[in-house]
Amino acid sequence: MKKFKITLITSVIMSATLSQAVSASSHREAPNLTRMPTVDSTDFYAFNSYEEGRGDYVTLIANYIPLQDAYGGPNYFAMDPAASYDIHIDNDGDAVEDITFSFNFSQMLGNNNAGIALMVGPEGEQKSVGVPLKNVGGISMADQAAANFSESYTVKMTSGPMATGTSVSVTNTTSGGASFAKPLDYIGNKTFSSAQQYMAYANSHIYSAAIPGCDAPAKVFVGQRKDAFTVNLGRVFDLVNFVPVEGDSAPGAGDAAGFPGGITQSAMNDDLADKNVTSIAIEVPTACLTGDGNGVIGSWTSASLPQARILNPNASFDKTEVNGGAMTQVSRLGSPLVNELVIGIADKDKFSTSHPSNDGQFADYVTHPTLPELLNILFKDAVNTTLNANIETLAPTNFPRVDLVTAFLTGFPGVNQMSTVTASEMLRLNTGIAAVSADMQSSFGVAGDDLAGFPNGRRPGDDVVDIALRVVMGRLCYPIPVNGTDTDLGLCAPEDASVGNVPFTDGAPSNASMIGTSFPYLAMPLPGSE
């Protein structure tokens, strides 16, 4: 347990960067990104694979294009061909990427890129006219001739810093070559016959891939998935328009024996229950990621666009603009909901374009976070009235917030702290902590006595909203269970957090039973039509 005792010298604290990952995902988190949804990263997952027989692999999933309505035709949700979608790995702790996987997309129309056309009109006056739809008939794993649109992509691996490192192609060993195909979005069950047929079609786009210098094969998939993130989104951003404390004696108990008026767990509280996303997923042999460090890797995803985009006043399908100049980062995501609920609105776009090695500029947002103060303003009087109490403040009083710095910027010694400690916003994963099978996972991760979960990486079933709400309100000032034993982390004391042991929640449950148990893990997307 001594490994859990945290000692952070002042210089580390004051060089800290940002995130306290206060809720969960990052849908539409920065003003500029709301205008560019195709490069808006929504969630990032990094975890030791828990599919049976895959314990020596790490799965990395970067989700993009938020809040997809399944019925969003006729164009649905294609990736940006001008963008580079990147997954970065730091394996020595200097907050600079040592490995980057870059995904670049191309798109094509049917009929050799001319588009499928129909002969229209009576004999003698017929004309060949292009159709307006992305498919003109049924599509299956075996027959995709009716598809009028397709996307493909390439994957490169860069060793060293992305700007100056050495890049090699990741090759497709399933079908051969350097290109991979992306399945069409789940248009509906008339197009694909049934959910089972779409599953077979989508699964045929899971590829084995060869990474140069890596002895074992990787897996790659890019395609539409059901959004795994759950959150009471509308009411959260309406000044937290609910009482964010468990209203039952235990989640799902249905006995109203918890906090008076508190919210209770229900799928009805998940505003993303009917939303899809586009997932970029890669499963890599662990030994190909860890380098010479201590087995802990830091990771994040970013998207970049060319610096200049000149619109074509006479646009066509593949000539809508001319892009040029250096690739410029416009999106970034590591730990969940950092930019959404931690960074001040004036700095959100700056964070989107920043690099972990420069995160010191955002230090105040984590050492002196605003969310606890906002919750105090919104709820202190009501809590005191309900409990007939006189709590001076609901917000933790330990400044600087060493507990948040540790949880989200440096990692825990002996758990997910890297060999070199550089305070920076990354999702840190200890590849040496064995994965836990889906049926044994705690949705509360480390705080639920499950060291294989968030903030030791992030699995799709981890309830990061509830975890982060509790951490930001002082949960780490109280002992947490470690291997079944309540352990004082030494970060702060109970008197520093008046409500640190309160079961804060948004009422939208999340757990591993809602997720698949094999790569790419996230559930099949919802259909545009039943």
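This passage describes the overall dimensions, disulfides, backbone features and selected local environments of a predicted model.

The protein chain contains 11 helices and 17 strands. Its radius of gyration is 24 Å, which agrees with the value near 24 Å that a compact globule of 530 residues would have. Along the principal axes, the C-alpha atoms of the protein chain occupy a box of roughly 90 × 50 × 45 Å. Of the 530 residues, 55% count as buried. The accessible surface of the protein chain amounts to about 21,300 Å², and carbon and sulfur atoms contribute 54% of this area. Among contacts with a separation of 6 or more, 70% are accounted for by residues 24 or more positions apart.

A search of the whole structure identified 2 disulfides. With bonded cysteines counted along the chain, the disulfides follow the pattern 1-2, 3-4. One of the two joins Cys214 and Cys288, whose sulfur atoms lie 1.8 Å apart. The torsion about this S-S bond is about 85°, and the disulfide is therefore right-handed. Cys214 is located in the loop between strand 10 (207-210) and strand 11 (218-226), whereas Cys288 occupies the loop between strand 12 and strand 13 (296-316), so the pair ties together parts that are 74 residues apart in sequence. The two cysteines fall into separate accessibility classes: Cys214 is buried, with a relative accessible area of 11%, while Cys288, at 23%, counts as partly exposed. The cut-off that applies here is 20%, under which a residue is termed buried.

The other disulfide is formed by Cys477 and Cys492, with a distance of 2.0 Å between the sulfur atoms. The angle about the S-S bond is -100°, and the link is left-handed. Cys477 lies in the loop between helix 11 (464-472) and strand 16 (480-482), and Cys492 in the segment after strand 17 (485-487); the two are 15 residues apart. Cys477 is buried, at 1% relative accessibility, and Cys492 is also buried, with a relative accessible area of 10%.

Two cis peptide bonds preceding proline are described here. The bond from Gly73 to Pro74 has omega near 5°, and Pro74 is situated in the loop between strand 2 (57-69) and strand 3 (84-90). The bond joining Phe399 and Pro400 is likewise cis, with omega of about -5°. Pro400 belongs to the loop between helix 9 (371-387) and helix 10.

Helix 10 itself spans residues 402-410, and 9 of its 9 residues are buried, so the helix is largely enclosed by the rest of the structure. The buried residues comprise Val402, Asp403, Leu404, Val405, Thr406, Ala407, Phe408, Leu409 and Thr410. Just after helix 10, Gly411 adopts a positive phi of about 85°.

Positive phi values are also found in residues other than glycine, including Asn112 and Val240. For Asn112, phi is near 55°. This residue is part of helix 2 (residues 110-113), and Asn112 counts as exposed, with a relative accessibility of 73%. For Val240, phi is about 50°. Val240 is placed in the loop between helix 5 and strand 12, and its relative accessibility of 15% classes Val240 as buried.

The loop between helix 5 (233-236) and strand 12 (275-285) also holds Ala267. In contrast to Val240, which is buried, Ala267 is exposed, with a relative accessible area of 58%. The C-alpha atom of Ala267 is separated by 6.5 Å from that of Pro509, although the two residues are 242 residues apart along the chain.

On the surface, Leu118, Val120 and Val129 make a nonpolar patch of about 240 Å². Val120 is located in strand 5 (residues 117-120) and counts as partly exposed, with a relative accessibility of 46%.

Conventions. Residues numbered from 1 in each chain as written. Predicted model: local features only at pLDDT ≥ 70, side-chain atom pairs only at ≥ 80, totals over all residues. Heavy atoms only, no water. Buried < 20%, exposed > 50% of the residue type's maximum accessible area, 1.4 Å probe, protein only. Helix = DSSP H or I, 4+ residues; strand = E, 2+ residues; numbered from the N terminus. Patch = residues over 30% accessible without salt bridge, like charges linked within 9 Å, V, L, I, M, F, W, Y side chains within 5 Å. Areas by Shrake-Rupley, 256 points an atom, 1.4 Å probe, with all protein chains shown as cover. Salt bridge = Lys/Arg side-chain N within 4 Å of Asp/Glu carboxyl O. Disulfide = S-S within 2.5 Å. Rg over C-alpha atoms; globule rule 2.2 N^0.38 Å. Contact = heavy atoms within 4.5 Å.
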